[in-house]
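Dear colleague,

Please find below the structure that I am handing over to you. My notes on what was found in it follow directly after.

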Amino acid sequence: MTVTVNRYKCGYCGACVSVCPMAALELVETWIEINDACNDCNTCVNICPIGAIESVKE
Amino acid sequence: MKDKYDVIVVGAGPAGSSVATTASKAGLDVLLIEKRQEIGDPVRCAEGVDKEGIKRHIKPDPRWIAAEVKGSRIFAPDGTKLQISEKMSGAEVGYVLERKIFDRALAEQAVSSGAEVIVKTSATGLIRKNKQITGIHARSIGESVDIKAKIVVGADGVESKVGRFAGINTTLAPKDIETCAQFLVSGIEADEYCQFYLGNNIAPGGYAWVFPKGKGIANVGIGVLGSLSNNGMPVKLLSNFVKHHFPTGKIIEMVLGAVPASGPIEKTIADGFMLVGDSARQSDPLTGGGILNALDAGVMAGTVAASCIEKDDVSEKALMEYERQWRETIGKKISKTLVVKEKLITFTDKQFNIFAHSIEGKCDNTMGVFDIVRALFRANPKLLWEFRNLIK
């Protein structure tokens with residue numbers, strides 16, 4: 001997993017889920033879960049309306 | 001909850017409740033599940049909707065009508081104003097809703113038609129028998145359950161999972177989505193018009209809006225085209241917009257959201273499966289309005305589900321009737337507005353101003369979205385050649 005969601009910032013809108021080409025994200029009620037399919041493409045980072053997603057360098 | 005239904009609908013927004021109501025009224029045994037513990041909350045919507053369209057689906061009730069609007073004003077970047085009336089301006093004005101109450105009223109309608117609603121329950125996968133989808137794996141208040149159905153309907157919104165489970169590619173490219181932020185602003189003056197502000201410094205590839213909710217409050221929001229946005233841009237731009245236009249306004253609620261703006265997707269059905277509403281990307285790519293299309297598509301899906309189950313054929317081929325119906329109506333409409341959107345996102349601010357000037361004074365209260373497109377084309381045929389087929 002190479003992106004993290006700041007759940008204190010996240011507004012649980014689901015924008016990131018809809019653009020994820022790997023289907024690695026899920027909006028579960030009011031938080032986002034990320035699975036291992038994430039390929040660090042950063043599409044979600046740029047779509048987030050409030051800047052809650054960060055790319056993490058491993 | 002039983003272990004078997006005629007139809008399971010995943011997601012209790014307008015699309016899902018519309019399917020559930022229609023299918024129940026046709027005599028089917030319907031389960032409507034909602035992953036959240038409350039229906040309609042948190043809101044992810046600007047809440048504007050066409051009055052006449054809504055009346056086709058539910059009796060207007062002051063409990064969920066925050067305000068009525070007379071029409072729309074569109075502002076070019078230099079402030080040039082175009083005003084159009086409510087009746088003609090498309091599906092995005094008329095009522096400004098209180099979605100928290102509206103969505104629950106639609107779910108109540110489904111329940112009173114005979115559907116069963118279960119909240120805090122999400123679909124985690126699909127059950128298949130050979131190729132046929134025959135139910136869902138679900139998590140209901142933390143417990144895993146399997147529920148069977150003759151038809152599963154995905155109505156799980158912009159963040160849809162079940163479409164993907166069914167093998168339908170619903171992934172939106174960044175250029176096919178508007179990423180949005182909205183504040184409920186109090187203590188301001190907002191008359192009975194919905195206002196739209198265009199401009200690349202205001203909302204790249206989108207627009208800012210002010211939808212009045214009565215008593216000095218309004219939904220003030222912004223949508224940015226995904227491919228032109230970056231990390232957190234909508235909230236930053238909206239904060240600036242509110243500071244500039246409503247310096248004394250107080251922010252009393254914050255809403256984030258995303259609107260599919262892709263136009264019709266390739267496929268919305270599979271064996272034993274249909275997709276409706278935002279999850280089927282049926283929202284309007286130009287205005288972002290999705291409620292009416294969702295309600296209308298829900299009726300089509302519910303009706304087709306009933307006739308297919310009656311004939312005991314829920315194959316993809318049989319469900320094609322749903323696909324045919326929505327493409328003929330909603331699909332045609334959103335294909336047209338997609339052309340307009342694709343052109344608008346290429347405009348510079350200077351072009352927006354020039355185009356607004358070219359029809360300034362030619363707009364009146366009898367004009368709608370496509371009347372404006374027609375007027376723009378007549379005044380600038382060479383520059384807007386892409387619009388030639390839209391205005392017949």
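I begin with a salt bridge, in which the side chain of B:Lys120 meets that of A:Glu29 at 3.0 Å, N to O. Please bear in mind throughout that this is a predicted model.

**The contact between the chains**

The pair just named crosses between chains. A:Glu29 lies in the loop between β2 and β3 (31-34) of chain A, and B:Lys120 lies in the loop between β8 (116-118) and β9 of chain B. The count between chain A and chain B is 1 salt bridge, while the structure holds 23 salt bridges over all chains. As general background, side chains of opposite charge can pair when their charged atoms come close.

Polar contacts between chain A and chain B number 12 residue pairs, both residues being at pLDDT 80 or more. On the side of chain A that touches chain B, at least two residues each come from α1 (15-19), β2 (25-28) and α2 (43-47) of chain A. By class, that side of chain A has 18 nonpolar, 7 polar and 2 charged residues.

How many residues does each chain bring to the contact? Chain A gives 27 residues and chain B gives 31 residues. The area buried between chain A and chain B is about 2100 Å², and carbon and sulfur atoms account for 56% of this area. Of the area that chain A buries against chain B, 28% is supplied by A:Ser18, A:Glu29 and A:Pro49, more than by any other three residues. A:Glu29 is thus named both here and in the salt bridge with B:Lys120.

**Strands of chain B**

Strand β9 (residues 121-129) of chain B runs antiparallel to strand β10 (residues 132-140) of chain B, and 8 bridges join them. Within this pairing, B:Ile127 has B:Gly135 in β10(B) as its bridge partner. The hairpin of β9(B) and β10(B) has 2 residues between the strands, and B:Asn130 takes a positive phi near 55° there.

Chain B also holds an open sheet of 3 strands in the order β3-β7-β4, with antiparallel pairing. In this sheet β3 and β4 (65-68) of chain B stand at the edges with a single partner strand each, so one side of each is left without a neighbour in the sheet. The antiparallel pairing of β4(B) with strand β7 (residues 95-97) of chain B extends over 3 bridges. B:Ala67 stands opposite B:Val96 in β7(B).

**Annotations from the record**

An unreviewed UniProt entry annotates residues 176-259 of chain B as "domain: Digeranylgeranylglycerophospholipid reductase catalytic". Over these residues the chain is 15% helix and 48% strand, with the end C-alpha atoms 9 Å apart.

One UniProt "binding site" annotation (unreviewed entry) covers a list of residues that includes B:Ala15, B:Glu34, B:Ala46, B:Arg99 and B:Ile291. The annotated residues span 277 residues in sequence, and their farthest two C-alpha atoms are 29.3 Å apart, so they do not all gather at one spot. B:Ala46 lies in the loop between β2 (30-33) and β3 (48-49) of chain B.

A further "binding site" annotation from UniProt (unreviewed entry) covers B:Lys333 and B:Val369. These span 37 residues in sequence, yet no two of their C-alpha atoms are more than 11.8 Å apart, so they gather at one spot. B:Lys333 is found in helix α7 (residues 316-344) of chain B.

With kind regards

Key: Residues are numbered from 1 along each chain as its sequence is written. Chains are lettered from A and ligands numbered from 1 in the order in which they are written. This is a predicted model: local features need pLDDT of at least 70, side-chain atom pairs count only at pLDDT 80 or more; totals for chains, interfaces and linings use all residues. Side-chain values use heavy atoms; hydrogens and water are left out. Contact means heavy atoms within 4.5 Å. Buried area is the accessible area (1.4 Å probe) that two parts lose on being put together, summed over both. A salt bridge is a side-chain nitrogen of Lys or Arg within 4 Å of a carboxyl oxygen of Asp or Glu. A polar contact is a pair of N or O atoms within 3.5 Å; within protein, one must be able to donate a hydrogen and the other to accept it, and residues adjacent in sequence count only if both atoms are side-chain atoms. Helices (H or I, at least four residues) and strands (E, at least two) are DSSP runs, numbered from the N terminus. Ala, Val, Leu, Ile, Met, Phe, Trp, Tyr, Cys and Pro count as nonpolar, Asp, Glu, Lys and Arg as charged, and the others, Gly among them, as polar. UniProt positions are given in the numbering used here, feature names are shortened, and annotations may be inferred rather than shown by experiment. Two strands pair if DSSP finds at least two bridges between them.
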